[in-house]
Amino acid sequence: MTFIVVAICLLALGAVLYGSLVPGQYRPRSGLDGHIEHGLAYAVSAATLLPFLPGPMQVLVAGAAMLGLAGALELAQRWIPGRSCRLTHFLASAAGVFVPITAGLLFMLVGS
């Protein structure tokens, strides 16, 4: 079971890295609005981290790290052909991180 969760976590993070750093012509498209794609990608990635985080402080640190990653990857797109760096895309990614991280925190605090 742990192997499967780790594999899903790594695949989700790998997909975010790939989708963020490839030139625009190679970027996979789902057909959804770009903001929704950003939010879903980060929500899935953040949610897959939660089983590995033993307490609220670790959840907060992971959330902050995911926000930092979202900002760094969005900024890096400035120098990638066919890509653009947009604040609204970062905010969509941040919202995607916020939802599962907040749910995880509430579950830990209320469930204990």
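**Chat on a four-helix model**

Me: Is Ile4 buried or exposed, or partly exposed?
Reply: Ile4 has 48% relative accessibility, so it counts as partly exposed. Buried means under 20% relative accessible area, exposed over 50%, partly exposed in between (1.4 Å probe, protein chains only).

Me: What kind of model is this?
Reply: This is a predicted model: local features need pLDDT of at least 70, side-chain atom pairs count only at pLDDT 80 or more, and totals for chains, interfaces and linings use all residues. Residues are numbered from 1 along each chain as its sequence is written, and side-chain values use heavy atoms, leaving out hydrogens and water.

Me: Where does Ile4 lie?
Reply: In helix H1, residues 2-21. Helices (H or I, at least four residues) and strands (E, at least two) are DSSP runs, numbered from the N terminus.

Me: How many helices and strands does the protein chain have?
Reply: Four helices, zero strands. The order from the N terminus is α-α-α-α.

Me: Why call it as compact as a globular protein of that length?
Reply: The radius of gyration is 14 Å, close to the 13 Å from the globule rule for 112 residues, so the chain is as compact as a globular protein of that length. The radius is taken over C-alpha atoms; the rule is 2.2 Å times the number of residues to the power 0.38.

Me: What does the C-alpha trace span?
Reply: About 50 × 30 × 25 Å along its principal axes.

Me: And how much of the chain is buried?
Reply: Buried residues make up 38% of the 112.
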